[in-house]
Amino acid sequence: MTARVLREDVLPALPIPTAPRARVCVLASLNYPDISNADVTLIRRFTEVALTTLIELGAAFELLDTTEPLVDPSVAANFDGLLLLGGGDIDNSCYGVPTRHPRSYGVDARADRDALAAIAAAEAADRPIFGICRGSQLLNVHRGGTIIGDIEDYALHHGAPGEPEFVDEPIDIMPGTRLAGILGTGRVIGRSGHHQAVDVIGSGLVVAARALDGITEGIEDPSRYYLGVQWHPEDDDGPSADRLALFGAFVDAAAAARGSRRAVATGRA
């Protein structure tokens with residue numbers, strides 16, 4: 001019997017700040033079709049680490065789980081920032097490919113539509129947006145980009161059958177990008193376990209990071225805080241400094257957005 005991820009499985013032991021620097025909408029699919037027991041374990045750990053990191057950085061959050069239909073995805077605009085976590089593959093119809101790749105897994109088109117609607121609302125409200133793995137791919141699809149159905153030469157990106165799914169992947173950060181400024185380096189070692197990735201880059205986006213084989217590992221909009229990384233900084237088997245840099249920059253941007261809105265509301269803009 002396949003286990004399921006429950007909300008209580010991922011909530012941090014730390015109390016949420018009563019006077020937070022920012023309020024973050026966290027969008028995740030805690031469960032998806034045919035989820036494996038191994039992925040249940042990973043999602044529990046990764047989600048808890050992500051939420052704990054937000055609290056440690058002084059942010060409050062609300063977790064929206066697209067396992068079930070969202071009543072109103074546009075509520076993402078009511079927060080100071082939107083964080084999109086990993087999960088199953090995006091339905092091919094969302095990016096104009098008529099046939100699903102046979103190696104696709106965890107596909108839930110309804111969850112994809114809810115996530116894309118949340119992204120649209122947050123972007124229209126000019127909120128900072130940060131996507132991880134599936135979240136990064138959703139950011140690309142929202143802008144009209146496409147996804148590689150399966151990375152055939154996968155050795156850099158995930159383990160072989162029977163081996164651990166996640167690998168330590170060298171990733172080159174593109175000079176002059178927001179991502180380079182956040183990480184302060186030209187190369188990181190990211191925790192990766194993905195068989196899909198961004199293909200055609202969406203409108204207004206640029207490549208912010210690449211794998212050694214040229215696969216896109218990061219995207220961003222140079223004109224606003226709209227950033228996605230394909231690897232998993234919330235994997236606590238990876239470097240904590242990179243996780244804190246990425247989450248810290250996002251929370252800083254969300255806090256700045258919160259301050260700007262309050263200034264406008266009080267007539268001090």
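**Exercise 1. Describe the largest pocket: its space and its lining.**

*Solution.* Start with the space: the largest pocket holds about 530 Å³. The model is predicted; local features need pLDDT of at least 70, side-chain atom pairs count only at pLDDT 80 or more, and totals for chains, interfaces and linings use all residues. Residues are numbered from 1 along each chain as its sequence is written, and side-chain values use heavy atoms, with hydrogens and water left out.

Next, fix the term. On a 1 Å grid over the protein atoms alone, a pocket is an open set of points where a 1.4 Å probe fits, with protein on both sides within 12 Å along at least five of seven lines. Lining residues have an atom within 4 Å of a point. The volume is the space filled by probe spheres set on the points.

Now the lining. It has 33 residues, and Asp39, Tyr105, Glu165, Phe166 and Gly193 are the closest to the pocket centre. Two elements give two or more residues each: α2 (37–56) and α4 (134–142). Helices are DSSP runs (H or I, at least four residues), numbered from the N terminus. The largest share, five residues, comes from α2.

Last, sort by class. The lining has 13 nonpolar, 14 polar and six charged residues. Ala, Val, Leu, Ile, Met, Phe, Trp, Tyr, Cys and Pro count as nonpolar, Asp, Glu, Lys and Arg as charged, and the others, Gly among them, as polar.

**Exercise 2. Describe how α3 and α4 cross.**

*Solution.* Take the axes of α3 (residues 109–124) and α4: they come within 10 Å and cross at roughly 70 degrees. Axes are lines fitted to C-alpha atoms over the stretch in contact, and angles run from 0 to 180 degrees between N-to-C directions. Therefore α3 and α4 are roughly perpendicular (65 to 115 degrees).

Then list the contact (heavy atoms within 4.5 Å). From α3 come Ala111, Asp112, Ala115, Leu116, Ile119, Ala120 and Glu123; from α4 come Arg134, Leu138, Leu139, Val141 and His142. By class, that contact has eight nonpolar, one polar and three charged residues.

**Exercise 3. Find the angle between α2 and α6, and the residues in contact.**

*Solution.* The axes of α2 and α6 (residues 240–265) come within 10 Å and cross at roughly 55 degrees. The contact uses Val49, Ala50, Thr53 and Leu54 of α2 with Arg243, Leu244, Phe247 and Val251 of α6. These divide into six nonpolar, one polar and one charged.

Key
Angles under 35 degrees count as roughly parallel, over 145 as roughly antiparallel, 65 to 115 as roughly perpendicular and the rest as oblique.
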